[in-house]
Amino acid sequence: MIRTQGLTKDFVVSRTETVHAVRGIDLEVAPGELVAVLGPNGAGKTTTMRMLTTLIRPTSGTAEVAGLDVAQDAASVRRRIGYVGQGNGAGHTQRVRDELVVQGVVYGLDRRSAARRAGELLDALDLAELARRKVADLSGGQRRRLDVALGLVHAPGLLFLDEPSTGLDPHNRANLWEHIMRLRAEHDMTIMLTTHYLDEADSMAERVVVVDHGQVIADDTADGLKRDLAGDRLVVEAGGGGDRSVAAVERLVRIVHAQPGARDVSVDGVRVTARVADSAGAVPEVVRAAAAQGVAVVRAQGYAPTLDDVFLALTGRSLRESAATQHTGTTDREAGLAGEDAA
Ligand SMILES: Nc1ncnc2c1ncn2[C@@H]1O[C@H](COP(=O)(O)OP(=O)(O)O)[C@@H](O)[C@H]1O
Ligand SMILES: [Mg+2]
């Protein structure tokens, strides 16, 4: 459904400044797949999506979407895809049902078909009771469900969702995902989405493409990424106190180092942490070796890796932290861009 080669986008901001937003992305998405593109703010996720949805032209490289070239067949590509942009937004004063009908007409349905389709989507996304409300009066979660409905008016086989759940509370996030997953199952849709919520990428996607600084730095299942890149975390704490604990911690460090795959060993007071290949095997082994050497251990625990551990292993940075601290209002800038650079 999607195939890109060396997809690149430079934004010339001024005579002296060019932003290399996307720097040579190669990507393949097969029919029926659900792929999550994960990365911190500014990584190039939205720019990639806007190229794939023909909203902006690539600087170089190629992209085929739904079997068509985005540069040569932009109009046909648009008919085959749905796009729910980051903080999209339907018009404010329209009523919910009318907004859907108009969108259907824009996509070439006659009014009757558009009205029928609007009714279906209102039901499918739990919006029927809100059909006569003004869009501006919807809550964040309702509004996002409407955005998804708008992206589905023409029943596309391929749906792009740019941070569909950003800004929603956990309840509304779960609710939105429930709808998306059900629609996907019913209509056999291929979905490419972006998120900076690690838990979403982990639980929702069959494949996770990690993007950083405009490049793909990993592409695998969530489990595969965790297995290959992060390893388990091991935490061991020496008991006792005073001078004796210094020697105990030194021994513990040696014991931890001896575990298969041990790396990133660090000490904080009486606590030793490390990455190991298999914490389920390492925990009893550390406890046994410590007892044999007369070191009291008050805690020994293993933790399965998270996608944040994967990102940390790949980049040396925590995605959780960069996502939390770098949230900027890209929407205004994007709105300006659409006018300047629309294909
Ligand atoms: N129209 C634009 N002009 C200049 N720079 C832009 C424009 N759009 C995006 N960028 C820059 O490109 C980079 C990638 O942005 P974006 O694709 O929005 O990232 P993400 O969606 O991963 O947060 C950022 O550095 C951003 O500031
Ligand atoms: Mg974005």
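**Notebook: strands, cores and a ligand shell**

I began with a single pair of residues and noted that V236 stands opposite V272 in strand β13. The model I am reading is a predicted one.

Next I looked up the strands on either side of this pair. Strand β11 covers residues 232-238, and β13 covers residues 271-276. I found that β11 and β13 pair in the antiparallel sense over 6 bridges. I then turned to strand β14, residues 297-303, which is joined to β11 by 6 bridges and also runs antiparallel to β11. Here I recorded R233 opposite Y303 of β14.

I asked which residues of β11 lie on its covered face. They are D232, L234, V236 and A238, while R233, V235 and E237 make up the uncovered face. As a general point, side chains in a regular strand alternate between the two faces of the sheet.

I then checked the division into domains. Domain 1 takes in 2-226 + 319-341, and domain 2 takes in 232-304. I noted 45 Å between the C-alpha centres of domain 1 and domain 2.

My next entry concerns the nonpolar cores. The largest has 70 residues, and A36, V65, A149, F160, A201, V208 and L307 touch the most other members. I followed A201 and, leaving aside residues up to four places away in sequence, listed its contacts as A36, L38, T195, V208, A222 and L307. Apart from this core lies another, of 19 residues, including A238, A248, V283 and A300.

L307 led me to helix α11, residues 307-315, where L307, D309, V310 and F311 are buried. Just after α11, I noted that G316 has a positive phi of about 80°.

I also traced an open sheet of 4 strands, whose order is β2-β1-β4-β5 with antiparallel pairing. Which strands stand at its edges? They are β2 and β5 (68-69); each has a single partner strand, so one side of each is left without a neighbour in the sheet. Strand β4, residues 60-65, is joined to β5 by 2 antiparallel bridges. In one entry I paired E64 with D69, its bridge partner in β5.

Finally, I examined the surroundings of ligand 1. Of the 15 residues around ligand 1, I recorded F11, A21, K45, T46 and T47 as those that come nearest. The elements giving two or more residues to this shell are β2 (18-29), α1 (45-52) and α13 (330-341). I sorted the shell by residue type and obtained 6 nonpolar, 7 polar and 2 charged residues.

Methods:
Residues numbered from 1 in each chain as written. Chains lettered and ligands numbered in written order. Near = placed C-beta within 6 Å. Nonpolar A, V, L, I, M, F, W, Y, C, P; charged D, E, K, R; others polar. Buried ≥ 20, exposed ≤ 12 C-beta atoms within 10 Å, placed from the backbone. Domains from an automatic or database assignment. Pairing = 2+ DSSP bridges. Core = buried A, V, L, I, M, F, W, Y, C linked by C-beta atoms within 7 Å. Contact = placed C-beta atoms within 7 Å.
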